[in-house]
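Me: I am new to this structure and would like a close look at a single part of it. Please start there and then place that part among the rest.

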Amino acid sequence: MVDFAVEDVDFSKLGEPGLVPGVVQHARTRQVLMVGFLDEQALRTTLETGLATFWSRSRGAQWTKGETSGNVLAVERVELDCDRDTLLLHAIPTGPTCHTGEPTCFDPGAQPGSFVHELDEVVETRAQERPEGSYTTSLFECGVRRIAQKVGEEGVETALAAVAQDDEALLGESADLVYHLLVLLRSRDLGLGDVERVLRERHG
């Protein structure tokens, strides 16, 4: 989860000694979800439990995000910045992060979050819950072979659109191809993050 020691963090620089800011970023979409403050114990608790835990300056106590609402932040990785006085928490939210009920405490429209990652999460949910009337559910119930066939069909249609149709047609077919590819990956218990990992490894 980390590649640094808690002792590496400089808790002395902030106006309130003993605290460092912690920026929480969605581990999939890269959206910034919230900012909180951590003391040494809050950081240790976060690392031990895997749940984002902060120090509340107003209450003067440690608190775990979502401890009353259930909207916890499951932390996958913590990074320390170059000055050793700010933390970046990569987390997966369970429900909305903001107390207003919004997914983020910031304007989501002003952030470069990846909608493809959001769609991948929706597809994963469909795979688990299989809601009736959902096209995605119907694909999963047809099995891997049928989903693979759809990906092949969409791939051909995308290629043909690139050669013989306008930009809008190409974009539409490309969107269909990406969606069906996400479903195919999820049918094998894989996701967009796994593809990104391979691309990063190839990039070196």
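Which residues does V20 touch, not counting residues up to four places away in sequence?

Reply: The model is a predicted one. Within it, V20 touches V9, D10, F11, G36, F37, L38, D85 and L87, once residues up to four places away in sequence are set aside. V20 itself belongs to strand β1, which covers residues 20-26. Its relative accessibility is 1%, and because buried means under 20%, V20 counts as buried. Between the C-alpha atoms of V20 and L43 there are 9.6 Å, with the two residues 23 apart along the chain.

Some of these contacts can be placed further. Strand β2 spans 32-38, and V20 touches G36, F37 and L38. Strand β6 spans 87-93, and L87 is also among the residues that V20 touches.

The loops beside these strands come next. R30 lies in the loop between β1 and β2. R30 is not a glycine, yet its phi is positive, at about 75°. With a relative accessibility of 36%, R30 counts as partly exposed. R84 sits in the loop between β5 (73-80) and β6. R84 is likewise a residue other than glycine with a positive phi, near 65°. Its relative accessible area is 40%, which makes R84 partly exposed.

Strand β4 (residues 61-64) contains T64. T64 has a relative accessible area of 17% and is buried. Apart from neighbours within four places in sequence, the contacts of T64 are L51, A52 and T53.

A search for aromatic pairs over the whole structure gives two. In the pair formed by F54 and W63, the ring centres are 5.4 Å apart and the planes meet at 35°, so this pair is tilted. Both F54 and W63 are buried.

The wider setting is given by the domain assignment, which divides the protein chain into domain 1 (6-93) and domain 2 (115-203). Taken over C-alpha atoms, the centres of domain 1 and domain 2 are separated by 34 Å.

The remaining points concern helices and a loop. R130 is placed in the loop between α2 (115-129) and α3. With a relative accessible area of 34%, R130 is partly exposed. Residues up to four places away in sequence aside, R130 touches T125, T137, F140 and E141. R130 and F140 are 10 residues apart along the chain, and their C-alpha atoms are 8.2 Å from each other.

F140 also takes part in a helix packing. Helix α3 (residues 135-142) packs against helix α4 (residues 144-164) at an angle of about 120°, and their axes are 5 Å apart. The two helices, α3 and α4, are therefore oblique to each other. On the α3 side the contact is made by Y135, L139, F140 and C142, and on the α4 side by R146, I147 and K150.

Helix α6 takes in residues 192-203, 12 residues in all. From its first C-alpha to its last, α6 reaches 16 Å, close to the 16 Å expected at 1.5 Å a residue. Just after α6 comes G204, with a positive phi of about 85°.

To return to the starting point, V20 is buried and lies in strand β1.

How values were computed: Residues are numbered from 1 along each chain as its sequence is written. This is a predicted model: local features need pLDDT of at least 70, side-chain atom pairs count only at pLDDT 80 or more; totals for chains, interfaces and linings use all residues. Side-chain values use heavy atoms; hydrogens and water are left out. Helices (H or I, at least four residues) and strands (E, at least two) are DSSP runs, numbered from the N terminus. The expected span of a helix is 1.5 Å times one less than its number of residues. Rings of Phe, Tyr and Trp (its six-membered ring) pair if their centres lie within 6.5 Å; planes under 30 degrees apart count as stacked, over 60 as edge-to-face and the rest as tilted. Buried means under 20% relative accessible area, exposed over 50%, partly exposed in between (1.4 Å probe, protein chains only). Domain bounds come from an automatic or database domain assignment. Axes are lines fitted to C-alpha atoms, for helices over the stretch in contact, and angles run from 0 to 180 degrees between N-to-C directions. Angles under 35 degrees count as roughly parallel, over 145 as roughly antiparallel, 65 to 115 as roughly perpendicular and the rest as oblique. Contact means heavy atoms within 4.5 Å.
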